[in-house]
Every structure is written in C-alpha cells, then in structure tokens.
Amino acid sequence: MKIQWYPGHMTKARREMQQNMKLVDLVIEIIDARIPVSSRNPDIDELANGKLRLVILNKADLADPASNERWEAYFKEKGIASVLTDARNTANVRKISKKIEEVSREKVERDRKKGIQNRRIRAMVVGIPNVGKSTLINSFAGKSSAKTGNKPGVTKGTQWIRLNEQADLLDTPGMLWPKFEDETVGEHLALIGSINDEIVDQTELALVLIRSLEEIKSGFLSERCEYTAENTTIEILEAYGRSRGCLVRGGNVDPDRAAILLMTDYRSGKLGRYTLEQPEDKKF
Ligand code: G4P
C-alpha cells in the first residue's frame, strides 16, 4: 500500500514550532508506543539540537506490555530518557513530572553554579498528529493550579502551564509531520488511525492489518471467528464480517463494512494489545 500525505497546514506549523523551540530548554517528544519508529520524525534531532530531551511512549495502554518493556529498555540503553504513558490518565502526570526533573537536574545544577538561581526550565511537547499531544497538555493543565500567564520577552499570547517546582510547559504543542521513509511507515500510521481514513482504502488497510497481526500472533482472531492458517486475508476478513453480521442479500459478506468494523475494533484495543514495531526491526 502506498500512502503519501503532507497536510497543507504543516508548513505554517513547522515555522511556528521553530519559533517556539527558541523559547524552551526541554523538548518532550511524543511517539506512539505501538509504532515507535513510524510515529517519529527523525528531523526532530536536528530541530531540537542542543535541547534537553524526553521521549514519551504514549498510548502504552494499547501496546503489547512486553514490547513496552523492551522499548523502555532500548531507550535506556541508548541513554535517552523515556517514559511509558496513557496521556488520558492524569496519574501519569506525576510520573512525567519526575522524569522532567531528572532530565533537567544537571542543567539546573549548572545554572546554580553560574549564580543563576531559580531559573525555571521551559518545556514544549512535540509530535506528529494524533499521538496525544493535546491530551497530555490537558492532563497537565488540569493538574496545574494556574497557568503562569504571559511572560516578558515571550511572544504575545504564549501561555505556560506550571508543571512542578522547576518547570513550565508551553500550552501549545509543536506539530511534526510524519516522515514516509518507506511503505511500512505509511501503512503503520494508517493502521493506528494517524492518517485521515478518507484517503486510505479501508478494505485494503484491513487486509494489511490481518497480515500484520497474523504475523505477530497467528490466529489472533480465532476466538471471534473460524479460520485457519490456510485461509487468505480476504477470507479471514469475510469470516470476521460474518461473525459481526456484515451480510448483504444472498448471505454474502460486505467486505467494506467488515473492514470498517475490524479497524474500529483493533484501534479501540478490543482485539488485544499489539505493538507493530520492535526495537530490533529498525533502529533509531
Ligand atoms: P494530538 O494532539 O497529538 O493530535 O492528539 P490528541 O491529544 O488529540 O489525541 C488523539 C486521540 O488519541 C484522542 O482520541 C485521544 O483521546 C487519544 N489518546 C491520547 N492519548 C492516549 C493514550 O495514551 N491512550 C489511548 N488509548 N488514547 C489516547 P479521539 O478519539 O480522537 O478523541 P476522544 O474521543 O478521545 O476525545
């Protein structure tokens, strides 16, 4: 499946992000724990050059728990601070806040030695569409007693959310764009719902999903419908459609309706927790 997509508003978003990047010390990069490689735009390494960094593996609640641990270990080994989260859960805010303290400790100490006291760390959240940037910012804002308001020398209207004793967070996220380095990246982004469904053939996508999940766990749908390893992906989709009542006159399955139901069930986590990319597949 070939998917190419660059939303029109991205050029403006990129400019805005570059402006905001100048205001911060720490860049919090959100990626999707189900596809940590494809949901990341490697350009961020250059854009955030010289900044403190933290990677958030979000939607960890939808990803395979064992893979989550492997990704966490992978980042640790690389010396990159990372944290697994479900951005909707405000309990995670403390966990992230602690991680931010850890990441900033050295800089705060350095500032102190230079005689700079109580200079607050400023952070911003960046990521490609749909990874959970706004959800995370809202979780932080909900926890915070008050926004810290405009500050001198900062673009008018810039709002900061108080994160903890030391750090403030910019209330607008930085938008990154997906980087389609190969076909798999586009497919994986489409599978998790990061690409507008209107530009992707959902039936074709459902077949990609069946192929991918069968590779990860053969018989992943066998509790829901009857099929064997001998069946083709379209036959498996039909078996699923039949089990979900997607029938047309004559008792045939409507594959398009079956595909939409399958995609919805997968994305909501109803079919289980799957991680489509493992650390050993492709390195950062
Ligand atoms: P963005 O700013 O990066 O574009 O993403 P946004 O926060 O809008 O989140 C995109 C969708 O992902 C939202 O769902 C949001 O609720 C969901 N989401 C964010 N973080 C997590 C997470 O850690 N786990 C899970 N399971 N979902 C998460 P939506 O359906 O578009 O909106 P809504 O119906 O939830 O409001």
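**Close-ups of a predicted model**

**View 1. Arg-40 and its salt-bridge partners.** Arg-40 is buried, with a relative accessible area of 11%. In this predicted model, Arg-40 pairs with Asp-45 through a salt bridge whose closest N and O atoms sit 2.9 Å apart. Asp-45 is partly exposed, at 38% relative accessible area. Zoom out a bit and the pair turns out to belong to a network of salt bridges linking Glu-29, Arg-40, Asp-45 and Arg-53. Side chains of opposite charge can pair when their charged atoms come close. Across the model, the salt bridge count comes to 20.

**View 2. Arg-88 meets Asp-61.** Here the side chains of Arg-88 and Asp-61 form a salt bridge, 3.0 Å from N to O. The pair ties together distant parts of the chain, 27 residues apart. Arg-88 sits in the loop between β3 (82-84) and α4 (91-113), while Asp-61 belongs to the loop between β2 (52-58) and α3 (65-78). Arg-88 is exposed, with a relative accessible area of 59%; Asp-61 comes in at 27% and counts as partly exposed.

**View 3. A salt bridge along helix α4.** Glu-109 and Arg-112 make a salt bridge, with 3.4 Å between the closest N and O atoms. Why are they about one helical turn apart? Because they are 3 residues apart in helix α4. An α-helix has 3.6 residues a turn, so residues three or four places apart point the same way. Both ends of this bridge are partly exposed: Glu-109 has 35% relative accessibility and Arg-112 has 41%.

**View 4. Asn-164, tucked into a loop.** Asn-164 lies in the loop between β5 (160-162) and β6 (167-170). Is Asn-164 buried or exposed? It is buried, since its relative accessible area is 9%, and the cut-off for buried is under 20%. The side chain of Asn-164 makes a polar contact of 3.0 Å with the side chain of Ser-97. A polar atom of the Asn-164 side chain also lies 2.8 Å from the backbone nitrogen of Ala-167. Leaving out residues up to four places away in sequence, Asn-164 touches Ser-97, Glu-101 and Arg-120.

**View 5. Helix α7 and its surroundings.** Helix α7 runs over residues 202-216, and at 1.5 Å a residue its 15 residues should span 21 Å. The C-alpha atoms at its two ends are 21 Å apart, so the numbers agree. At the start of α7, a side-chain oxygen of Asp-201 comes within 2.9 Å of the backbone nitrogen of Thr-203. The helix has buried residues including Leu-205, Ala-206, Val-208, Leu-209, Ile-210 and Leu-213. Polar names turn up among the buried residues too, including Gln-202, Thr-203, Ser-212 and Glu-214. Which helices do the buried residues of α7 pack against? They pack against α6 (183-192), α8 (233-243) and α9 (255-267).

**View 6. The largest nonpolar core.** This core has 75 residues, and those with the most contacts inside it are Leu-26, Ile-28, Leu-54, Leu-169, Leu-221, Leu-262 and Tyr-266. Its largest share, 6 residues, comes from α7. Domain 1 (8-171) and domain 2 (201-268) both give residues to the core, so it lies between them. For a closer look at Leu-26, skip its neighbours within four places in sequence: its contacts include Leu-52, Leu-54, Ile-100, Val-103, Ile-121 and Met-124. Another core, of 11 residues, lies apart from the largest one, with Ile-31, Val-55, Leu-57 and Ala-63 among its members.

Technical notes. Residues are numbered from 1 along each chain as its sequence is written. This is a predicted model: local features need pLDDT of at least 70, side-chain atom pairs count only at pLDDT 80 or more; totals for chains, interfaces and linings use all residues. Side-chain values use heavy atoms; hydrogens and water are left out. Helices (H or I, at least four residues) and strands (E, at least two) are DSSP runs, numbered from the N terminus. The expected span of a helix is 1.5 Å times one less than its number of residues. Buried means under 20% relative accessible area, exposed over 50%, partly exposed in between (1.4 Å probe, protein chains only). Contact means heavy atoms within 4.5 Å. A polar contact is a pair of N or O atoms within 3.5 Å; within protein, one must be able to donate a hydrogen and the other to accept it, and residues adjacent in sequence count only if both atoms are side-chain atoms. A salt bridge is a side-chain nitrogen of Lys or Arg within 4 Å of a carboxyl oxygen of Asp or Glu. A nonpolar core is a set of buried Ala, Val, Leu, Ile, Met, Phe, Trp, Tyr and Cys residues joined through side-chain atoms within 4.5 Å. Domain bounds come from an automatic or database domain assignment.
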